[in-house]
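Me: Please take a close look at one part of this model, the place where its two domains meet, and then set that part in the context of the rest of the chain.

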Amino acid sequence: MTDNTCVKNGLAARMAARIKAGGPISAGAFMNEALFDPREGFYATKDPIGAGEDFITAPEISQIFGELTGLWLAGCWHNMGRPNPVRLIELGPGRGTMMKDILRAARAVPEFAAALDITLVEASPALMTVQAGRLADAPCPVGWVSALESAPKGPALIIGNEFLDCLPVRQFVRHEEAWHERLVGLGDDGHFDFVRSAAPASALELDMIPPSLRDAKDGEIAECRPAIDSIIDHLAIRFKAAPGAALFIDYGPMNSETGDTLQAITAHKKVDPLAAPGTADITARVDFAQIAHQGRAAGLACAGPVTQGNWLKKLGLEYRAADLMRKNPDQKARLARQVHRLTDRDEMGDLFKVIALYGKGQPAPEGF
Ligand code: SAH
């Protein structure tokens, strides 16, 4: 290895040394280290979310996003029999903006606001600090855990916006009528490169590939996310023991599709995901059909997936925007731009999907 990214960047050099010694690693292991290495991981060390940072998310675009989610949650709480306390658990809360907007909207339903007890599931120490600042004046208890399984028991409302997309993916490539894992190794010049595992996937690994993709043509790639499987299993157990609903919003197709969807973003621009780990957000699209399929198989009820645009419109996005425009006429153009970004089919409206998994027997949630 001479003059290349692997030696310029400390994290990359450490990862390259590990691969040299132990062999290629899964795409998911690469993602995990690139995002959460304690010293240089993309999320672990800084706050990358916002207009002037690396990428922007729906709650950062408009307060209406979190407010409507707050009212949606109040509806679910009502459907669950108005439990007090109710655990409001957010997965990957980023800058805490959505939670802040949820709490503002919750004030419209005082009994709901009074029942809330918040748990934030966050892996990044840097973002935890930002969240603590944002929610310092929250009118209810706020705690942190590092995994959903550690959140307090009891009736729960669980939300995750752009959380699932950064969970590690494993990729498998179809080769001579078998599936082989697509791993990250080192090319001749010392750069990270994809390689195909020599051994075909085990029966357990094959089981993770979405059923509709298993007969794909040679050369096609299928992705899976073991961490989502674990989350669904956890929700099934949790919502059997106590009422609950979970809402996930993310980017991805309605139906399972083949393809390598690993992507990296730095300063709002797409870059090579393997080029410089730790300096870019690495995500992959979320397979919503697979979530619905697995949720139902685990015994959960499922609403959606629907597009973000349709979901927000059904929850009254346009009315809320019109109300804000009436109260702040000088903000009219800005609010119209926000609505456009969240709902237009060429912006986030169609690409992003919304799905809810909830306890069987509970009334269906709104917006689907
Ligand atoms: N929901 C926020 C942030 C999205 S970015 C928003 O919409 O703006 C992804 C968030 O998930 C970050 O807070 C990141 O640190 C967190 N995250 C990613 N993987 C995680 C994991 N395995 N466990 C806990 N938090 C995680």
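**The contact between the domains**

Reply: Between domain 1 and domain 2 there are two residue pairs in polar contact, both at pLDDT 80 or more; a polar contact here is a pair of N or O atoms within 3.5 Å, where, within protein, one must be able to donate a hydrogen and the other to accept it, and residues adjacent in sequence count only if both atoms are side-chain atoms. On the side of domain 1 that touches domain 2, the residues divide into seven nonpolar, two polar and two charged, with Ala, Val, Leu, Ile, Met, Phe, Trp, Tyr, Cys and Pro counted as nonpolar, Asp, Glu, Lys and Arg as charged, and the others, Gly among them, as polar. The count of salt bridges between domain 1 and domain 2 is zero, a salt bridge being a side-chain nitrogen of Lys or Arg within 4 Å of a carboxyl oxygen of Asp or Glu.

This is a predicted model, in which local features need pLDDT of at least 70 and side-chain atom pairs count only at pLDDT 80 or more, while totals for chains, interfaces and linings use all residues. Residues are numbered from 1 along each chain as its sequence is written, and side-chain values use heavy atoms, with hydrogens and water left out.

The domain assignment, whose bounds come from an automatic or database source, gives domain 1 as 1-40 + 170-224 + 253-285 and domain 2 as 58-162 + 226-245 + 287-358. Their C-alpha centres lie 30 Å apart, and the contact (heavy atoms within 4.5 Å) takes 11 residues from domain 1 and 13 residues from domain 2. Together the two domains bury about 930 Å², 63% of it on carbon and sulfur atoms, where buried area is the accessible area (1.4 Å probe) that two parts lose on being put together, summed over both. In domain 1, Phe 36, Pro 253 and Met 254 lose the most area to domain 2, together 52% of what that side buries.

Turning to the rest of the chain, the structure holds 19 salt bridges. One of them joins Arg 14 and Asp 37, with the closest N and O atoms 3.1 Å apart; this pair links helix H2 (residues 10-22) to the loop between H3 and helix H4 (42-45), 23 residues apart, the helices and strands being DSSP runs (H or I, at least four residues; E, at least two) numbered from the N terminus.

There are also seven aromatic pairs, meaning rings of Phe, Tyr and Trp (its six-membered ring) with centres within 6.5 Å, counted as stacked with planes under 30 degrees apart, as edge-to-face over 60 and otherwise as tilted. Among them, Phe 30 and Phe 192 are edge-to-face, at 5.2 Å centre to centre and 75° between the planes, and this pair links helix H3 (residues 27-36) with strand E8 (residues 192-200).
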